[in-house]
Amino acid sequence: MKTIKALLLTSFLTFTMAAGAQAVMQVQHPWQGKRVAYFGDSITDPRNSGSQKKWWHWLQSWLNIEPYVYAISGRQWNDIPNQAEKLKAEHGDDFDAILIFIGTNDFNAAVPIGDWYTITEDSVEAAVHKPRATVLRRHRQPSMNKDTYRGRINIAMQRIKQMFPTKQVVLITPIHRGYFYGNEKNIQPTEAYTNEIGEWVDAYVQSVKEAANIWAVPVIDLNATCGFYPLVDEHIVYCHNATDQLHPNDAGHVRMARTVMYQLLALPCTFDK
C-alpha cells in the first residue's frame with residue numbers, strides 16, 4: 001500500500017528496461033496537475049451523504065487534479081447542457097478536460113431509449129467513377145428528441161462539441177444499481193427489475209458506450225471494470241448502508257477512483273503540442 005501511495009502521489013510510473021541496462025524511462029501521468037470539470041448526478045455531487053469523499057476527491061489527492069464539479073443529485077442527461085453552461089460561465093475555456101458520469105436517473109425515471117438518428121431521403125451531389133450528379137441517398141442526422149435518452153445524449157454532446165471543440169471529453173458508464181429506500185415515495189428496486197417502461201438498465205449503459213463512437217469521445221466502462229456489484233450481499237462493504245445500496249461509500253469511491261485513474265493513463269488530457 002505504501003508503494004502504491006508513493007506512486008500515486010508522485011504520479012510517475014517507472015519501467016526498468018532489460019537486465020543490466022542503465023536507462024530508466026519515467027512516464028508522467030497525462031492527467032497530473034490538470035484542471036478537470038465533472039458533470040453528473042449524486043454519485044459525483046459533493047453534497048451527497050453516501051460518502052465523505054467522492055471518486056474525484058481521490059483523483060485530486062493522487063494526481064493533483066484541480067476539480068470543477070457541477071454534478072447535482074437526481075439529475076439526468078438533460079441537465080448536462082446546463083452544467084456545461086455553468087462551466088463556460090465560470091471558467092470559459094480555462095480548463096483541460098470534462099468527465100461525464102450520468103444516466104442512472106434516466107433509467108429510474110423510465111426515460112425511453114429512443115433512436116440515435118432521424119433518417120430521411122435527400123438529394124446530394126456525388127461523383128464516384130462517373131461525372132458529378134445530384135442523387136438521392138438516405139441521410140441521417142442525430143435525433144434531438146429531448147424526451148428520449150439517446151436524444152438527450154445527442155443534445156448534450158452536440159452542445160459540448162460546439163462549446164468546447166478543443167477539449168478532451170470522456171464518458172463514464174453508470175455503475176450497477178442496488179436497492180435504495182429514501183422514503184415511502186422514493187423506493188428504487190435493484191437492477192434485477194426493469195423500470196416502469198420495461199427497460200433493463202443495460203440499455204442505458206450500452207447507449208453511453210455507443211455514444212462514444214457516435215460523438216468521437218472515449219468511454220470508461222465503469223459498469224464493467226470497477227467491480228462494484230451491490231446485487232450480492234457481500235458487496236454492502238462498498239455501499240452507503242443497508243437501505244442505500246445505490247450510492248457507494250468511501251471504500252466504493254476509492255475502488256471507482258483507482259479504476260478511473262488507470263483508465264485515464266491511456267488517454268490524453270489535452271491536445272497541445
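Arg-150 counts as buried, at 18% relative accessibility; here buried means under 20% relative accessible area, exposed means over 50%, and partly exposed lies in between (1.4 Å probe, protein chains only). Its partner is Glu-210, and the two side chains meet in a salt bridge with 3.4 Å from N to O. Because Arg-150 lies in helix H5 and Glu-210 in helix H6, this pair ties together parts that are 60 residues apart in sequence. Glu-210 itself is partly exposed, with a relative accessible area of 26%.

A word on what you are looking at: this is a predicted model, where local features need pLDDT of at least 70 and side-chain atom pairs count only at pLDDT 80 or more, while totals for chains, interfaces and linings use all residues. Residues are numbered from 1 along each chain as its sequence is written, and side-chain values use heavy atoms, with hydrogens and water left out.

**Salt bridges**

Side chains of opposite charge can pair when their charged atoms come close. A salt bridge is a side-chain nitrogen of Lys or Arg within 4 Å of a carboxyl oxygen of Asp or Glu, and by this rule the count comes to 11. Here are some of them:

| Pair | Closest N and O atoms |
|---|---|
| Arg-35 and Asp-94 | 2.4 Å |
| Glu-125 and Arg-132 | 3.8 Å |
| Arg-150 and Glu-210 | 3.4 Å |

Arg-35 sits in strand S3 and Asp-94 in the loop between H3 and S5, 59 residues apart. Arg-35 is partly exposed at 23% relative accessible area, and Asp-94 is also partly exposed, at 48%. Together with Asp-96, they are linked in a network of salt bridges. Glu-125 and Arg-132, by contrast, are both exposed.

**The nonpolar cores**

What about the inside? A nonpolar core is a set of buried Ala, Val, Leu, Ile, Met, Phe, Trp, Tyr and Cys residues joined through side-chain atoms within 4.5 Å. The largest one has 32 residues, and among those touching the most other members are Phe-39, Trp-77 and Met-157. Elements giving two or more residues to this core include strand S3 (35–40), helix H3 (80–91) and helix H5 (149–163); helices and strands are DSSP runs (H or I, at least four residues; E, at least two), numbered from the N terminus. H5 gives the most, with 6 residues.

Which residues does Met-157 touch? Leaving out residues up to four places away in sequence, they are Trp-77, Ile-100, Val-169, Leu-171, Trp-215 and Val-217, where contact means heavy atoms within 4.5 Å. Apart from this largest core lies another, of 30 residues, including Trp-31, Ile-65, Cys-239 and Val-254.
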